[in-house]
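Me: I've got a model open and I'd like to learn how to read it. Can you walk me through it, feature by feature?

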Amino acid sequence: MSQETFVVINRRSILGFAAACAGAAALSMASIVHAAAYPEKPVTLYIGFSAGGPTDMVGRLLADKLSQKLGQTFVVENKVGASGVVAANLLKKAKPDGYTLMLGSSSTLSIVPYVQKGIQYDALKDFTSIALVASYPYYLVVPADSKFKTFDDLIAYGRDKNNQLSYASAGTGAVNHLAGEWLKDETKINALHAPYKGDSAAVPDLIAGRIDYALLAGIVALPQAEAGKLRILASASSSPDKGAPNIEIIGQKKVPGFEAEPWNGLMGPAGLPQEVVTTLNTAVNEVLSDPEVKAQLLKLDQYPFSGTPDEFRQRIKDQSARWESIIKKANIVIE
């Protein structure tokens with residue numbers, strides 16, 4: 001091989017290598033640009049509950065902050081019906097491009113599939129878990145003039161076979177219904193369930209003494225307690241960091257492991273691109289770390305509940321196992 005031939009071949013090799021590198025760099029740059037471009041247009045956020053409720057208020061706060069952070073409008077659409085099932089079914093059918101999302105609730109994802117017949121989605125297989133958002137504890141409340149001054153008073157009375165208690169919930173299959181059955185089972189009290197259409201709907205009968213007790217969200221319970229109309233006996237919080245201060249926590253000493261905290265998280269359809277999941281998860285966690293957002297959530301007695309997509313999936317698994325067990329034991333079914 002002559003020196004001239006070698007130079008030509010070597011030059012071709014170098015040029016070929018350079019072209020390959022340029023092509024790879026172009027592909028890599030295209031991927032980066034694609035990932036960085038999301039979102040390029042407004043994003044729809046489904047909320048499966050009515051405007052003004054706890055999930056809706058958190059969802060609207062989140063949508064507003066994500067709009068500011070990501071530079072595109074996140075538009076809230078309330079798709080109300082069947083404890084979030086209507087919204088979930090719509091999300092399942094949506095294109096997995098990141099432009100249709102849902103703020104899923106603990107009831108929609110980890111209770112409804114086990115208590116309602118004919119559910120057409122699987123919370124783990126049909127959706128992409130993006131980010132946990134917020135949670136809030138229930139408070140065990142009684143009428144202000146109730147003879148039950150402490151948690152122990154209530155339980156002692158309910159354990160007497162000659163006595164019968166009644167407790168209210170936001171409806172059959174609601175988190176506070178299942179929590180009520182769980183508490184009843186653990187403490188061996190006699191208590192009848194009285195379902196209402198939401199926490200607020202139970203308040204008049206509680207105040208009047210027609211119902212003995214209930215586990216209610218803080219946004220409902222705390223104002224009534226401050227007004228002297230209800231008395232808080234205990235909290236179903238998982239931690240002293242969540243909930244109003246100086247209130248006994250049931251799960252710490254009274255019923256170890258007991259906690260009742262509805263939660264919500266950002267979901268997408270199954271098959272959502274990883275770069276979209278990463279962008280949204282990072283944005284949500286940054287939003288939740290903002291002191292202003294924490295203060296706004298606290299006004300609703302809600303608490304940031306951030307984490308990774310894998311932690312969100314595990315939360316769904318753990319909660320589903322817990323509530324399914326309680327549902328089966330109490331034989332709770334919604335036709």
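Reply: Sure. Keep in mind that this is a predicted model. Let's start with charged side chains: D152, E248 and K254 are linked in a network of salt bridges.

Me: How should I think about a salt bridge, and how far apart are the closest N and O atoms of D152 and K254?

Reply: The general idea is that side chains of opposite charge can pair when their charged atoms come close. Here the D152–K254 salt bridge has its closest N and O atoms 2.9 Å apart. This pair links distant parts of the chain, with D152 in helix α6 (residues 151-159) and K254 in helix α10 (residues 250-254), 102 residues apart.

Me: Are those two buried, partly exposed or exposed?

Reply: D152 has a relative accessible area of 41%, so it is partly exposed. K254 comes out at 30%, so it counts as partly exposed too.

Me: How many salt bridges does the count come to?

Reply: The count comes to 14 salt bridges. One of them joins the side chains of K92 and D126, at 3.8 Å from N to O. K92 lies in helix α3 (residues 85-93) and D126 in the loop between α5 (112-115) and β4 (127-135), so this pair ties together parts that are 34 residues apart in sequence. As for solvent, K92 is partly exposed, with a relative accessible area of 35%.

Me: And which residue forms a salt bridge with R210?

Reply: That's D205, with the closest N and O atoms 2.8 Å apart. R210 has a relative accessible area of 56%, so it is exposed.

Me: Now the sheet. What is the strand order in the open sheet of 5 strands?

Reply: First the principle: strands of a sheet pair through backbone hydrogen bonds, either parallel or antiparallel. In this model the order reads β7-β6-β8-β5-β9, and the pairing is mixed. β7 and β9 stand at the edges with a single partner strand each, so one side of each has no neighbour in the sheet. On average, neighbouring strands of this sheet are turned by 30° against each other, direction ignored.

Me: Which strands could I look at to see the mixed pairing?

Reply: Try two pairs. Strand β6 (residues 165-169) and strand β8 (residues 213-217) run parallel, joined by 2 bridges, and A168 stands opposite A214 in β8. Strand β5 (residues 138-143) pairs with β9 in the antiparallel sense, over 5 bridges. In that second pair, V142 stands opposite R231 in β9.

Me: Is β9 mostly covered or mostly open?

Reply: Mostly covered: of the 6 residues in strand β9 (residues 230-235), 5 are buried.

Me: Which helices pack on the sheet?

Reply: Among them is α7, which touches β5, β6, β7 and β8, and whose direction makes about 150° with that of β6. Helix α8 (residues 199-208) also packs on the sheet, touching β5, β6, β8 and β9, with its direction at about 145° to that of β8.

Me: What about helices against each other? How do α2 and α11 cross?

Reply: The thing to read is the angle between the helix axes. For helix α2 (residues 54-70) and helix α11 (residues 274-288), the axes come within 10 Å and cross at roughly 115°. That makes the two helices, α2 and α11, roughly perpendicular. The crossing of α2 past α11 is right-handed.

Me: Which residues meet there?

Reply: From α2 you have L62, K65, L66, K69 and L70, and they meet T279, L280, A283, V284, E286 and V287 in α11.

Me: Last topic: the backbone. Where is the cis peptide bond?

Reply: Look between Y38 and P39, where omega is about -5°. P39 is found in the loop between α1 (3-37) and β1 (43-47).

Me: And which residues have a positive phi although they are not glycines?

Reply: K188 is one, with phi of about 60°, and D301 is another, at about 55°. K188 is found in the loop between α7 (175-187) and β7 (191-195), while D301 is found in the loop between α12 (291-299) and β11 (303-304).

Me: Are K188 and D301 buried or exposed?

Reply: K188 has 57% relative accessibility, so it counts as exposed. D301 has 5%, so it counts as buried.

Notes
Residues numbered from 1 in each chain as written. Predicted model: local features only at pLDDT ≥ 70, side-chain atom pairs only at ≥ 80, totals over all residues. Heavy atoms only, no water. Buried < 20%, exposed > 50% of the residue type's maximum accessible area, 1.4 Å probe, protein only. Helix = DSSP H or I, 4+ residues; strand = E, 2+ residues; numbered from the N terminus. Pairing = 2+ DSSP bridges. Salt bridge = Lys/Arg side-chain N within 4 Å of Asp/Glu carboxyl O. Axes fitted to C-alpha atoms, helices over the stretch in contact; angles between N-to-C directions. Parallel < 35°, antiparallel > 145°, perpendicular 65-115°, else oblique. Left-handed = near helix turned anticlockwise from the far one by under 90°. Contact = heavy atoms within 4.5 Å.
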